[in-house]
Amino acid sequence: MFGYSAWKKKVNDEFRLQTRVSSLIKTQLRGYQLGAVQRCYNHTAFDESEPMGNGLIVVLPTGSGKTLIASAVAALDLEMERHEKGGKEPSKMRKVLFLVPTCLLVQQSARAMREVMLAPILVAEFQGGSAV
């Protein structure tokens, strides 16, 4: 087992990050997407002065792979938690929230998340008029 600082060192190396991400999701990331994943991790999960669970906002143009970036960050976070627990699954269900402006994008984001993750995941879709 290793802590956040050892994990941060691994993730900071771009080649290692690409290798790690490739083992968790089905799609190869472009350079700028990999950079976004790396920045998400460097500014949230590994800031030991901040508690885990801080939100992230990724702002990129349409079609640039925001869902793919979020999938990679979620997959890395889950894997980090498994390492922290000695390879066991987390005891609590982990949640990722996508906020999108239209019902069509809710469906597209959910489908993309299901398709890109190598590990089986449960994806719930909520949109205007949905009962919670």
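Helices and strands are taken here as DSSP runs, with at least four residues for a helix and at least two for a strand, numbered from the N terminus. Counted in this way, the protein chain of this predicted model has five helices and zero strands. Read from the N terminus on, the order of elements is simply α-α-α-α-α.

A few overall values help a newcomer to get oriented. Of the 132 residues in the protein chain, 32% are buried. The accessible surface comes to about 8,700 Å², and carbon and sulfur atoms account for 57% of that area. Among contacts with a separation of 6 or more, 64% join residues that are 24 or more positions apart. Confidence varies along the chain: the average pLDDT is 76, and 70% of the residues score at least 70. Among the elements, helix α1 (residues 4-12) has the lowest mean pLDDT, at 57, whereas α5 has the highest, at 89. Where pLDDT is low, the predicted coordinates should not be read in detail.

A walk through the chain can begin with helix α2 (residues 14-22), which holds Val21. Val21 has a relative accessibility of 1% and therefore counts as buried. Beyond residues up to four places away in sequence, Val21 touches Leu29, Ala72 and Leu76. The C-alpha atoms of Val21 and Val73 are separated by 8.6 Å, although these positions lie 52 residues apart along the chain count.

Helix α3 (residues 31-45) offers a second buried example in Gln33. The relative accessible area of Gln33 is 3%, and buried means under 20%, so this residue falls in the buried class. With neighbours within four places in sequence set aside, the contacts of Gln33 are Gln28, Ser64, Gly65, Leu68 and Ile69.

Helix α4 (66-84) comes next. It has 19 residues and spans 27 Å from its first C-alpha to its last, close to the 27 Å expected at 1.5 Å a residue. Because 14 of the 19 residues of α4 are buried, this helix is largely enclosed by the rest of the structure. Just after α4, Gly86 takes a positive phi of about 70°.

The loop between α4 and α5 includes Leu97. In contrast to the buried residues described above, Leu97 is exposed, with a relative accessible area of 70%. Leu97 and Ala70 are 27 residues apart in sequence, and their C-alpha atoms lie 9.5 Å apart in space.

Helix α5 (residues 103-116) has 14 residues and reaches 20 Å from its first C-alpha to its last, close to the 20 Å expected at 1.5 Å a residue. Its buried residues are Val106, Ser109, Ala110, Met113 and Val116. These cover an arc of only 145° around the axis, which means that they sit on the same side of α5. On the other side of α5, Leu104 and Glu115 are exposed. The packing partner of the buried residues of α5 is α4 (66-84), the helix that is itself largely enclosed by the rest of the structure.

Charged side chains add one further link. Side chains of opposite charge can pair when their charged atoms come close. In this model the count comes to one salt bridge, in which the side chains of Glu125 and Arg114 meet at 3.1 Å, N to O. The pair links distant parts of the chain, with Glu125 in the segment after α5 and Arg114 in helix α5, eleven residues apart. Both ends of the bridge are partly exposed: Glu125 has a relative accessible area of 30%, and Arg114 has a relative accessibility of 38%.

The segment after α5 also contains Ala119. Ala119 is partly exposed, with a relative accessible area of 29%. Setting aside neighbours within four places in sequence, Ala119 is in contact with Leu24 and Arg82. Ala119 and Leu24 are 95 residues apart along the chain, yet their C-alpha atoms are separated by 7.2 Å.

Key. Residues numbered from 1 in each chain as written. Predicted model: local features only at pLDDT ≥ 70, side-chain atom pairs only at ≥ 80, totals over all residues. Heavy atoms only, no water. Expected span 1.5 Å × (residues − 1). Buried < 20%, exposed > 50% of the residue type's maximum accessible area, 1.4 Å probe, protein only. Arc of directions from axis to C-beta. Contact = heavy atoms within 4.5 Å. Salt bridge = Lys/Arg side-chain N within 4 Å of Asp/Glu carboxyl O. Areas by Shrake-Rupley, 256 points an atom, 1.4 Å probe, with all protein chains shown as cover. pLDDT = per-residue confidence, 0-100.
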